[in-house]
Structures are given as structure tokens and as C-alpha cells.
Amino acid sequence: MSHTTRVHDSGESYNDIRPAKQPNRSGTPPTEAVEERPLTEENAKQPNPCWTPSQESGHSGLDRVREAARKDGKARFTALLHHVTVDLLRESYHSLKKRAAPGVDGVTWDEYGRNLEANLKGLHGRIHRGAYQARPSRRVWIPKGDGQQRPLGIAALEDKIVQHAVGTVLNRVWEEDFLGFSYGFRPGRSQHDALDALNVGIMRKKVNWVLDLDVRSFFGAPGEAGRFQRVQFPPRQGE
């Protein structure tokens, strides 16, 4: 997320092998200008059957956040919580996998949805009162190809809803920092898109070398998480 990426976009040594930062427009995914192709079919935006009319004003507010982030690369955002609305929480609930494994509370997607509106209103109230507390994640281990195991934390369903909603808000800021050829952990993009882009880039452009890099324990390294500075959180009362 560092803005040093913008400084180096125009560097002469990179002009012939990497494109400049591409605009990340909201709405229907545009043609990927870097590889001159549309996004893969399975990641094309689908209409949301759970859309409600009141969500239009909520998303227009998020669009204004994104526009502010686009216009000012050094802007800091300190008041975003009001964008986490009941409508956004509802949209986040419907975006979750219905058959995903439950967290430590054992609550499934279907069970939470039986009293959805009351649950979401209660969750919304706790978030804005400062009373919401995330539950511990349930730890499971996934075997890796080299014989080791990868730790995986399964969050409680209500925590997944909050994570998705907050991520939706923060993405309006962070998406403006990404380059057009960035694919990792971005909405509407996947490893399949990255491989497709790599294939197109290699086939259409002169390529002398390919770098394969895996950053290990990025968020576990001291100081690394501090690079994400676009959003600042004001101190609580008494701090």
C-alpha cells in the first residue's frame, strides 16, 4: 500500500517492462488494460439478488470515499465506521459461503439467517456502541505439499460478516493504491486471473526473465504491518 509504488511508476528502467498504474473504477469490472483483455468470466460481477433500495445511498457514500482516495494519495481517513450500516451487513451476510464450516460458536449460515434482521440490527448496534467483540477463531491445520501444515483460523459467522463489511469499506481506500496488474486478495480477482494475465503477457510481449517471489510471514514480521497507513484510528476516550 506504500505510495512509493506511485513514485517509481514512471522510472525509466521500468518503462519497457511494466505498465503504469491503471485506474480501478467501481461498478462492472472494466477491461484489464494491462493485459488488454476482459476479466475472466467466473469473476465477472453478478447482480445481487438481496439488494435493497436503501443500499444505493450507502454505496454512493462509499463511492465518495473512493473518489477522495483517488484524488489525494496522501489522504488519511479517520471516520469510516458510519459506512458500516445494516444494509452493508446484510449484503456481507449474503456474500458468505452458505456451507462453510462454523467457527467456535457453531453457528451456521442457515441458523443465523432464521432471524436475520434482528441479528443484524443487534450486531449493528453493538458495533456502533463499541460493544462488539470478536470471538476467537477455531484453529485447523491444512496439509501442504512439502509435508508441513498451514494454520487456518475459522472465524465465527458473525465475525465473518463484520470482517467482510469492514473490508468493503477499506477496499474503497486501498483499491486506489493497487497497480492494475496486482491480483492478490483483491475483490473480483483470483489466482486464475493472475495466471491468465501472466500467460497473455508472456505470449504478447518480449519477456527476458520471470521472477517468482513468496513473501513469508509478512504480517508476523515486526514493523511490516505498519506499512498500511492510509487509515488511521483515533484513540479511544481515556487513552
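**Entry 1. Terms and overall make-up**

I count a residue as buried when its relative accessible area is under 20%, as exposed when that value is over 50%, and as partly exposed in between. I applied this to a predicted model. By this criterion, 30% of the 239 residues in the protein are buried. I found 7 helices and 2 strands, and from the N terminus on I read their order as α-α-α-α-α-β-β-α-α. I then looked up the contacts with a sequence separation of 6 or more: residues 24 or more positions apart account for 66% of them.

**Entry 2. Helix α3**

I asked which residues of α3 are buried. They are Val-86, Asp-87, Leu-88, Leu-89, Arg-90, Glu-91, Ser-92 and Tyr-93. Because 8 of the 10 residues of α3 are buried, I describe this helix as largely enclosed by the rest of the structure.

**Entry 3. Helix α6**

I took α6 as residues 157-174, a helix of 18 residues. From its first C-alpha to its last, α6 reaches 25 Å, close to the 26 Å expected at 1.5 Å a residue. I noted a bend of about 25° in α6 at Thr-168. Thr-168 itself is listed among the buried residues of α6. The list also includes Leu-157, Glu-158, Asp-159, Ile-161, Val-162, Ala-165 and Val-169. Towards the end of the helix, I recorded Leu-170, Arg-172, Val-173 and Trp-174 as buried.

**Entry 4. Packing of α3 on α6**

I looked up how α3, residues 86-95, packs with α6: the angle is about 115° and the axes are 8 Å apart. The crossing is right-handed. On the α3 side, I listed Leu-88, Leu-89, Ser-92, Tyr-93 and Ser-95. These meet Leu-157, Ile-161, His-164, Ala-165, Thr-168 and Val-169 of α6. Thr-168, where α6 bends, is therefore a residue I must enter twice, since it also belongs to the α6 list for this packing.**Entry 5. Packing of α5 on α6**

I next examined helix α5, residues 116-129, whose axis comes within 12 Å of that of α6 and crosses it at roughly 65°. This crossing is right-handed. From α5, I noted Asn-119, Leu-120, Leu-123, Arg-126 and Ile-127 as making the contact, and from α6, Glu-158, Ile-161 and Val-162. Ile-161 is listed in the contact of α6 with α5 and in that with α3.

**Entry 6. Lys-121**

Is Lys-121, a residue of helix α5, buried or exposed? I recorded Lys-121 as exposed, because its relative accessible area is 56%. I also looked up its distance to Arg-90: the two are 31 residues apart in sequence and 9.6 Å apart in space, C-alpha to C-alpha. Arg-90 is one of the buried residues of α3.

**Entry 7. Gly-153**

I located Gly-153 in strand β2, residues 149-154. Its relative accessibility is 42%, so I entered Gly-153 as partly exposed. Leaving aside neighbours within four places in sequence, I found Gly-153 in contact with Ser-137, Arg-138 and Arg-139. Gly-153 and Gly-103 are 50 residues apart in sequence, and I read 8.6 Å between their C-alpha atoms.

**Entry 8. Helix α7**

I took α7 as residues 191-204, with 14 residues. Helix α7 reaches 20 Å from its first C-alpha to its last, close to the 20 Å expected at 1.5 Å a residue. I then asked which residues of α7 are buried. They are Asp-193, Ala-197, Val-200 and Gly-201. These residues cover an arc of only 100° around the axis, which puts them on the same side of α7. An α-helix has 3.6 residues a turn, so residues three or four places apart point the same way. On the face of α7 turned away from its buried side, I noted the exposed residues Gln-191, Leu-195 and Met-203.

Notes
Residues are numbered from 1 along each chain as its sequence is written. This is a predicted model: local features need pLDDT of at least 70, side-chain atom pairs count only at pLDDT 80 or more; totals for chains, interfaces and linings use all residues. Side-chain values use heavy atoms; hydrogens and water are left out. Helices (H or I, at least four residues) and strands (E, at least two) are DSSP runs, numbered from the N terminus. The expected span of a helix is 1.5 Å times one less than its number of residues. The bend at a residue is the angle between axes fitted to the seven residues ending there and the seven starting there. Buried means under 20% relative accessible area, exposed over 50%, partly exposed in between (1.4 Å probe, protein chains only). The arc is that of the directions from the helix axis to the C-beta atoms. Contact means heavy atoms within 4.5 Å. Axes are lines fitted to C-alpha atoms, for helices over the stretch in contact, and angles run from 0 to 180 degrees between N-to-C directions. A crossing is left-handed if the near helix is turned anticlockwise from the far one by less than a right angle, and right-handed if clockwise.
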